[in-house]
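Student: Got a minute to go through a fold with me? I'd like to talk it over before I set anything up.

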Amino acid sequence: MSDDIIICGNRNGPGTRILFLDDMAWRHSEFAKALFKRGVERVEVHRAWTAAEAKEYLHMYEFDQVFLDHDLCEEDIMLEVGERGKEASGMDVVDHIVAMENPPKDIIVHSLNGPARFEMCRRLEERGGIRVRNLPFHDLLRLLCPAMDY
């Protein structure tokens, strides 16, 4: 995998907009830290903690890149594909994106729930017109900032 897998940062300037969906505070923090270490300063990052927040942001803005988690509450960790959890999942956001007239063109699914991550990617790829990457969170951090120890 090459470094260009992440479009944010050096190649983008003012006006670049990213959506980051995850329910874990430490992931939001590590993502922000990795962007900072990479020298990303002029990128607008919208942080969503729930599927509803992510869908609301997708209605309000166009995003250059979207990062999606699947399991969005502690009780739903490793939720099986198709199983309804306590909270809406990243799969609900994927279904929303698939139905959009103009979906984001670049999406990275960073969930550690492998089967759900693969299914999210499959649905997005099936829709077409979206660059989709299957990248567990720890690998995402390594690509964003190889100098940091993850």
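Tutor: Let's take the overall layout, then the sheet, then some charged side chains. Keep in mind that this is a predicted model.

Student: Sure. How many helices and strands does the protein chain have?

Tutor: Five helices and five strands. Starting at the N terminus, the elements go β-α-β-α-β-α-β-α-β-α.

Student: What share of the 150 residues is buried?

Tutor: Buried residues account for 52% of them. As for contacts between residues at least 6 apart in sequence, 76% join residues at least 24 apart.

Student: Okay, the sheet. What's the strand order?

Tutor: The order is β2-β1-β3-β4-β5, in an open sheet with parallel pairing. β2 (43–48) and β5 (131–134) are at the edges with a single partner strand each, so each has one side without a neighbour in the sheet. On average, neighbouring strands are turned by 15° against each other, ignoring direction.

Student: And which helix packs on the sheet, touching β1, β3 and β4?

Tutor: That's helix α3, residues 90–99. The direction of α3 makes about 150° with that of β3.

Student: Zoom in on β4 for me. How many bridges join β4 to β5?

Tutor: Four, with β4 (residues 106–109) and β5 running parallel. Within that pairing, Ile107 sits opposite Val132 in β5. Toward β3 there are three bridges, again parallel, and Leu68 stands opposite Val109 in β4.

Student: Which way do the β4 side chains point?

Tutor: Asp106 and Ile108 go one way, Ile107 and Val109 the other. All four of these residues are buried. In a regular strand, side chains alternate between the two faces of the sheet.

Student: Hang on, Asp106 is an acid. What does the side chain of Asp106 meet in a salt bridge?

Tutor: Arg133, at 2.3 Å from N to O. That pair links distant parts of the chain, with Asp106 in strand β4 and Arg133 in strand β5, 27 residues apart. Asp106 has a relative accessible area of 5%, under the 20% cut-off, so it is buried. Arg133 also counts as buried, at 8%.

Student: How many salt bridges are there in the whole structure?

Tutor: A search finds 10. Another one is Asp69 with Arg27, where the closest N and O atoms are 3.4 Å apart. Asp69 is in the loop between β3 and α3 while Arg27 is in helix α1 (residues 25–38), so the pair ties together parts that are 42 residues apart in sequence.

Student: Are Asp69 and Arg27 buried or exposed?

Tutor: Asp69 is buried, at 3% relative accessible area. Arg27 is buried as well, with 4%.

Student: What about Glu126 and Arg122, how far apart are they, N to O?

Tutor: Their side chains form a salt bridge at 2.8 Å. They are four residues apart in helix α4, which means about one helical turn separates them. Glu126 is exposed, at 61% relative accessibility, and Arg122 is partly exposed, at 37%. Salt bridges with shared partners connect Asp95, Glu119, Arg122, Arg123 and Glu126 into one network.

Student: Now Arg117. Where is that one?

Tutor: In helix α4, residues 114–127. Arg117 is buried but has no salt bridge.

Student: Interesting. Which side chain of opposite charge is nearest to Arg117?

Tutor: Asp139, and it is 7.0 Å away. A salt bridge needs the atoms within 4 Å. The Arg117 side chain does make a polar contact with the side chain of Asn134, at 2.4 Å.

Student: What else does Arg117 touch?

Tutor: Leaving out residues up to four places away in sequence, the list is Val109, His110, Ser111, Leu112, Asn134, Leu135 and Pro136.

Student: Last topic, Val45. Which strand is Val45 in?

Tutor: β2, one of the edge strands. Val45 is partly exposed, with a relative accessible area of 30%.

Student: And which residues does Val45 touch?

Tutor: Ile18, Phe20, Phe31 and Leu35, again leaving out residues up to four places away in sequence. For a C-alpha distance, Val45 and Gln65 are 9.6 Å apart in space and 20 residues apart in sequence.

Methods. Residues numbered from 1 in each chain as written. Predicted model: local features only at pLDDT ≥ 70, side-chain atom pairs only at ≥ 80, totals over all residues. Heavy atoms only, no water. Pairing = 2+ DSSP bridges. Helix = DSSP H or I, 4+ residues; strand = E, 2+ residues; numbered from the N terminus. Axes fitted to C-alpha atoms, helices over the stretch in contact; angles between N-to-C directions. Contact = heavy atoms within 4.5 Å. Buried < 20%, exposed > 50% of the residue type's maximum accessible area, 1.4 Å probe, protein only. Lys, Arg positive; Asp, Glu negative; His and termini not counted. Polar contact = N/O pair within 3.5 Å; in protein donor to acceptor, adjacent residues only side chain to side chain.
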